[in-house]
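Look over the model below. The report takes up aromatic contacts, core packing, a pocket and some backbone angles.

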Amino acid sequence: MKNWIYIFLFCPFLGFTQDIHFSQWYNNPLFLNPANAGQFDGDYRVTAHQREQWASVSVPFNSTSVAFDMPFKSWGFGTQLLRDQSGSSNLSLTQLSFSVARFVDSWSFGLQFGVAQQRIDYSELYFLDPGEQIPFLSKSYMDIGLGISNTLNISESELKTGYSLAHFNTPNRSFYSTKDALPAKHQLTANLKKPLSLQWELEPFIYYALQGKQAQCIIGSNVSFDISEYYYKDIKLEAGSFYRLGDATGLMLGVNWQNSHLAFSYDWNVSDLVPASNYLGAWELSFRHIIKSSMPRPAFKTCPTFL
């Protein structure tokens, strides 16, 4: 019975688990903003994202995201599966979301509806009384999000800004009769794609999130180098750096090959947890593939080679 008392004493802290976040937020469009659904050049898009953090401090926190979206006329549709697991007690979150976006000129308006299940499993924990059995706990809830984005062409540059409101309905995720509302999360983003030459492109960005009393700000920049002329294929090499204010700094390396994109990043912790983390933080791997089912016809007629 003492073990149950300990569990209930620490239950209030279960509500303060960290919301899922990604350092490569710009490579996870549906998670960032439902207005991003269908916003790409192609017919179908598949994205995948994996993040692992705090392996040097405790049992690693793992976050996985897989998504699919497509444009249809002036609409965009998408679906995403999220899986997050943390701690020795296997506190996990599984969420399936559906997004729809409406395109109006340079604007996009999005709505997201999701079903989430939060679960905690005590089977791998050790207690003083070997005969005591503690079951797993599970909680399901609906999760609603909203978003808006705008793309503005300035000379040869492209500025994209966005705002999203995740957990708009502040769902109750408590395992017990007490209420534990998930605070709404406000996210503001801006990134500028600016060509420096025929081969070089600079992309500075900023991300700001506010959830309850917790704020997060990421500033950084990526640069890409087009090497297509050397290999006669559409290939771009990418590198970038970012700083999450008061928390971490990181680097990103990536490659865009034809219609596929792969990027790896690592965060070095610089917060008050440095004595425990030894500056180690998290790694992320993102993947994107765009399917173009129909090739555009050339605007000119080709002449036979024998003429």
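W200 is partly exposed in this predicted model, because its relative accessibility of 41% falls between the 20% and 50% limits. Its ring partner is F225. The two ring centres lie 4.6 Å apart with the planes at 40°, so the pair is tilted. The pair links distant parts of the chain, 25 residues apart. W200 sits in strand 9 (residues 200-211), and F225 belongs to strand 10 (residues 214-226).

In total, the structure holds 11 aromatic pairs. Another of them joins W75 and F77, and this pair is stacked. Both of its members have computed accessibilities. W75 counts as partly exposed at 36%. F77 is also partly exposed, at 35%.

| Aromatic pair | Centre to centre | Angle between planes | Class |
|---|---|---|---|
| W200 and F225 | 4.6 Å | 40° | tilted |
| W75 and F77 | 6.5 Å | 15° | stacked |

Aromatic residues also gather in a cluster. W25, Y26, F205 and Y207 make up one such group.

Next, the nonpolar cores. In soluble globular proteins, nonpolar side chains tend to be buried together. The largest core here has 8 residues: I20, F22, F31, L82, L93, A116, Y141 and L182. Apart from this core lies another, of 7 residues, including W25, Y207, A209 and I218. W25 and Y207 are thus named twice, in this core and in the aromatic cluster.

Which residues does F22 touch, leaving out those up to four places away in sequence? They are N28, F31, H49, R51, S63, S65 and E284. Of these, F31 is also a member of the largest core.

The largest pocket encloses about 1,200 Å³ of space. Its lining consists of 39 residues. Y26, E158, K193, E203 and R288 lie nearest the pocket centre. By type, the lining divides into 10 nonpolar, 17 polar and 12 charged residues. Y26 also appears in the aromatic cluster.

Last, the backbone. Most residues other than glycine have a negative phi, and most peptide bonds are trans. D105 has a positive phi of about 55° although it is not a glycine. D105 lies in the loop between strand 4 (91-104) and strand 5 (107-120). At 80% relative accessibility, D105 is exposed. S155, likewise not a glycine, has a positive phi of about 55°. Its loop runs between strand 6 (137-154) and strand 7 (157-166). S155 is exposed because its relative accessibility is 75%, over the 50% limit.

Terms used. Residues numbered from 1 in each chain as written. Predicted model: local features only at pLDDT ≥ 70, side-chain atom pairs only at ≥ 80, totals over all residues. Heavy atoms only, no water. Core = buried A, V, L, I, M, F, W, Y, C linked by side-chain atoms within 4.5 Å. Buried < 20%, exposed > 50% of the residue type's maximum accessible area, 1.4 Å probe, protein only. Contact = heavy atoms within 4.5 Å. Phe/Tyr/Trp six-rings, centres within 6.5 Å; stacked < 30°, edge-to-face > 60°. Helix = DSSP H or I, 4+ residues; strand = E, 2+ residues; numbered from the N terminus. 1 Å grid on protein atoms, 1.4 Å probe; cavity = no way out; pocket = protein on both sides within 12 Å on 5 of 7 lines; lining within 4 Å. Points joined across faces, edges and corners; volume = space filled by probe spheres on them. Nonpolar A, V, L, I, M, F, W, Y, C, P; charged D, E, K, R; others polar.
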